[in-house]
Amino acid sequence: MPFDTEVAGSRGAPAAAPGDTRAPLRCLWITWTDPHPERDGQRIYSGRLIDAVAEAGAEIEVLSCECDGAVGRARAARRAPIRWHRVARQERPRLLSPLSPLPNVAYRSGTAEMRARLRALLRENRWQAVVVDGLPAGWAIREIERLPRRQRPRVVHVSHNHEASTRGAVARDYQGNPLMKLALRWDAMKARVLEERLVDASSLVTAITEDDAAKYQARHPGKDLLVLPPGYSGAQTDELHLSPDLPRRAVVVGSFHWVAKKMNLEAFLSVADPLFAQAGAELQIVGGGDPEFLEQLRRRMRATDIVGPVDDVIPYMQQARAAVVPERTGGGFKLKILDYAFNPLPTLAIDGSVAGTPLRAPDSVRLYEDLEELARGALELLDDVETADRIQCRAFELCRDRFDWEQRGRRLLAETAAV
């Protein structure tokens, strides 16, 4: 069937309403790591969606690796009970990853203890649905398929990217060490194979953007697909207008651990930093990454402040005139765009990197074909505060009523109950 887009209502049974006597859907949710604290887009999407589905009426238990320091500052605010099965994080030998049939992200998370815990949970035979959350949890499909067919729960694959195309593009665009490029190509092939297996085995597949859903549909015609963009529950500013007193500064917020994020940032700074230095303007890079990588960047920059990881990005956004999304490779929905829209900051981005949002150039976002154009466009906007203010006000207006986590949770629960 055609994939479902995010609209009011659902073709499936609605989530239990107050006073509804139907038993809640019993769901086992498998994710790579405890999503709290929310350090990156993957954790934000997983954690908020788990909460939303539980609050919609599902009975959820979550299997994940522990996350260092995951005391869970958001746990006390939860309105629905969720049972967590946290497994101590184990480092698997990196040199053995190329020999595994699994891509690296699934190899790392599919430890012996995670597999043993999943087998024990599946033996309880009380699950109506099992959610495989993202490619890192893809190792679990083998354990599920070992069950006799009559005992298998329905499988829902919550995707964060169309991994075959995303990882293929990363391998194609990588310009560094030839051995690393070969490793990326090999890993991308394994990601494609695992993703195909996941989609084939799933009763329902969610996609974070319409573009990703179309790619799944092309390979799997008739598959039940649901487009499920993120909600937004982060900070929002009360000040909706930019001040001309702000520094002539553009900010890039993100997490820079994944090779694609490193590639994008390094390529952008190689062209943007000299231009900003020449114009006497500032760039600020805010977010975590490999410390050695960030330090190497610091030593080469003239106009760019590499801040690194911070507890709260909002104060840095409040001291900038524009936000830049310099991502040529990586795919998916850029959650940072919602931070920019709701706080608000005018966004400049590479064309194609605002998929899943209602932003359209030139009124609510500025889009560019290449990194040099992006850097020059940012410099122009820094000196045109009136236009920058108009863009960010329009972006806020378009986004403010469209990103509701509660609606996402109700929709996913209803669709899962219906397949």
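These legends go with a set of close-up views of a predicted model.

**Figure 1. The whole chain, before we zoom in.**
Let us start with the full picture: the protein chain carries 14 helices and 13 strands. Along the principal axes, its C-alpha atoms fill a box of roughly 65 × 55 × 40 Å. The radius of gyration is 22 Å, which agrees with the value near 22 Å that a compact globule of 419 residues would have. Buried residues make up 54% of the 419. Among contacts with a separation of 6 or more, 73% are between residues 24 or more positions apart. The chain exposes about 18,900 Å², and carbon and sulfur atoms supply 49% of that area.

**Figure 2. An aromatic cluster built from Tyr232, Phe342 and Phe396.**
These three residues form one aromatic cluster, and the count of aromatic pairs comes to three. Look for tyrosine 232 and phenylalanine 342, whose rings are stacked, with 4.4 Å centre to centre and 5° between the planes. Tyrosine 232 sits in the loop between strand 7 (225-227) and strand 8 (249-253), while phenylalanine 342 belongs to helix 11 (residues 336-342), so this pair ties together parts that are 110 residues apart in sequence. Tyrosine 232 and phenylalanine 342 are both buried.

Now turn to the pair formed by phenylalanine 342 and phenylalanine 396. Their ring centres are 6.1 Å apart and their planes stand at 80°, so phenylalanine 342 and phenylalanine 396 make an edge-to-face pair. Because phenylalanine 342 lies in helix 11 and phenylalanine 396 in helix 13 (residues 385-399), the pair ties together parts that are 54 residues apart in sequence. Phenylalanine 396 is buried, as is phenylalanine 342.

**Figure 3. Helix 8 and its kink at leucine 269.**
Helix 8 covers residues 259-279, 21 residues in total. From its first C-alpha to its last, helix 8 reaches 30 Å, close to the 30 Å expected at 1.5 Å a residue. Follow helix 8 along and you will find a kink of about 35°, centred on leucine 269. Just after helix 8 comes glycine 280, which takes a positive phi of about 70°.

**Figure 4. Helix 14 and what covers it.**
Helix 14 (residues 405-418) has 14 residues, which should span 20 Å at 1.5 Å a residue; its end C-alpha atoms are 20 Å apart, so the two agree. The buried residues in helix 14 are Trp405, Arg408, Gly409, Arg411, Leu412, Leu413, Ala414, Glu415 and Thr416. Their cover includes strand 1 (26-33), helix 1 (41-55), strand 4 (129-133), strand 5 (154-158), strand 6 (204-207) and strand 7.

**Figure 5. Valine 227 in strand 7.**
Strand 7 is worth a visit of its own, and valine 227 is found there. With 3% relative accessibility, valine 227 counts as buried. Measuring from C-alpha to C-alpha, valine 227 and aspartate 211 are 9.4 Å apart in space, and they are 16 residues apart in sequence.

**Figure 6. Proline 24, in the segment before strand 1.**
Find proline 24 in the segment before strand 1. Its relative accessible area is 30%, so proline 24 is partly exposed. Setting aside neighbours within four places in sequence, proline 24 is in contact with Gly57, Ala58, Glu59 and Gln128. Proline 24 and alanine 417 are 393 residues apart along the chain, and 9.7 Å separates their C-alpha atoms.

**Figure 7. A cis peptide bond before proline 362.**
Here the backbone is the thing to check: alanine 361 and proline 362 are joined by a cis peptide bond, with omega about 0°. Proline 362 is in the loop between strand 12 (347-350) and strand 13 (366-368).

**Figure 8. Asparagine 125, with a positive phi.**
Asparagine 125 has a phi near 55°, a positive value in a residue other than glycine. You can locate asparagine 125 in the loop between helix 3 (112-123) and strand 4. At 47% relative accessibility, asparagine 125 counts as partly exposed.

Key: Residues numbered from 1 in each chain as written. Predicted model: local features only at pLDDT ≥ 70, side-chain atom pairs only at ≥ 80, totals over all residues. Heavy atoms only, no water. Helix = DSSP H or I, 4+ residues; strand = E, 2+ residues; numbered from the N terminus. Expected span 1.5 Å × (residues − 1). Bend = angle between axes of the 7 residues up to and from the residue. Rg over C-alpha atoms; globule rule 2.2 N^0.38 Å. Buried < 20%, exposed > 50% of the residue type's maximum accessible area, 1.4 Å probe, protein only. Contact = heavy atoms within 4.5 Å. Areas by Shrake-Rupley, 256 points an atom, 1.4 Å probe, with all protein chains shown as cover. Phe/Tyr/Trp six-rings, centres within 6.5 Å; stacked < 30°, edge-to-face > 60°.
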